Amino acid sequence: MVNRSQQSLFLIGSPDETNKIKRAETSQQAGAIAGAKAAAVAAVASAIPTLGAVRVFPWAKANLNYTAQALIISSASIAAFFITADKTILQGARRNTEAQMKKVQQESK
């Protein structure tokens with residue numbers, strides 16, 4: 001094993017690699033923003049029926065304590081965040097790949 005401080009590699013990326021990194025970071029940021037928005041909507045959408053059910057239905061009132069209610073709401077929010085973020089990042093990657101393929105096709109003509 002080589003210690004990182006002992007490595008003396010000096011790498012310079014091509015301008016195309018720099019652009020790829022910027023596009024990937026943009027896609028990740030867009031995914032995080034879209035995921036946060038979806039998580040907020042999911043939190044509200046799951047909190048209203050959960051809190052309403054605890055006050056109306058006897059079974060829910062007896063069996064769903066505060067921790068269970070929080071788990072229901074947070075699991076919906078977490079799932080919405082990751083699903084939306086993943087879809088957004090993959091959409092950005094697909095768009096970047098298509099743009100790169102068009103660029104290669106134009107250069108080959």
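## Ser 77 in a predicted model

Ser 77 has its place in helix α3, and the structure described here is a predicted model. With a relative accessible area of 12%, Ser 77 is buried, because a residue counts as buried under 20%. Leaving aside residues up to four places away in sequence, Ser 77 touches Ala 39, Ala 42 and Ala 43. A polar atom of the Ser 77 side chain also lies 3.5 Å from the backbone oxygen of Ala 39.

How confident is the predictor in the chain, on average and element by element? The average pLDDT of the chain is 87, and 89% of the residues score at least 70. Among the elements of the chain, the lowest mean pLDDT, 89, belongs to α1, whereas the highest, 94, belongs to helix α2, which covers residues 58–63.

## The helix α3

Helix α3 runs over residues 66–108, and its 43 residues should span 63 Å at 1.5 Å a residue; the C-alpha atoms at its ends are indeed 63 Å apart, so the expectation and the model agree.

The buried residues of α3 are Ala 68, Gln 69, Ile 73, Ser 77, Ala 80, Ala 85, Thr 88 and Gly 92, and what they pack against is α1, residues 15–56. When reading such a list, it helps to recall that an α-helix has 3.6 residues a turn, so residues three or four places apart point the same way.

## The helix α1 and Thr 50

Helix α1 has 42 residues, and the distance from its first C-alpha to its last is 62 Å, close to the 62 Å expected at 1.5 Å a residue. Its buried residues are Ser 27, Gly 31, Gly 35, Ala 38, Ala 39, Ala 42, Ser 46, Ala 47, Thr 50, Ala 53 and Val 54. The elements that cover these buried residues of α1 include α2 and α3.

Thr 50, which has its place in helix α1, gives a second view of how residues of α1 and α3 meet. Its relative accessibility is 9%, so Thr 50 counts as buried. Not counting residues up to four places away in sequence, Thr 50 touches Gln 69, Ile 72 and Ile 73, and of these Gln 69 and Ile 73 are among the buried residues of α3. Within its own helix, the side chain of Thr 50 reaches the backbone oxygen of Ser 46 at 2.6 Å.

## Thr 26 and Ile 89

Thr 26 also lies in helix α1, but with a relative accessible area of 49% it is partly exposed. Although Thr 26 and Ile 89 are 63 residues apart in sequence, their C-alpha atoms are 9.1 Å apart in space.

## An aromatic pair

The structure holds 1 aromatic pair. Its members are Phe 81 and Phe 82, whose rings meet edge-to-face, with 5.2 Å from centre to centre and 85° between the planes. Phe 81 counts as partly exposed at 26% relative accessibility, whereas Phe 82, at 54%, counts as exposed.

## What the record lists

Which residues does UniProt list as "transmembrane region"? The unreviewed UniProt entry gives residues 30–54 and 66–85 under that name. In the model, residues 30–54 are 100% helix and 0% strand, with their end C-alpha atoms 36 Å apart. Residues 66–85 are likewise 100% helix and 0% strand, and there the end C-alpha atoms are 28 Å apart.

How values were computed:
Residues numbered from 1 in each chain as written. Predicted model: local features only at pLDDT ≥ 70, side-chain atom pairs only at ≥ 80, totals over all residues. Heavy atoms only, no water. Helix = DSSP H or I, 4+ residues; strand = E, 2+ residues; numbered from the N terminus. Expected span 1.5 Å × (residues − 1). Buried < 20%, exposed > 50% of the residue type's maximum accessible area, 1.4 Å probe, protein only. Contact = heavy atoms within 4.5 Å. Polar contact = N/O pair within 3.5 Å; in protein donor to acceptor, adjacent residues only side chain to side chain. UniProt positions renumbered as here; feature names shortened; annotations may be inferred. pLDDT = per-residue confidence, 0-100. Phe/Tyr/Trp six-rings, centres within 6.5 Å; stacked < 30°, edge-to-face > 60°.
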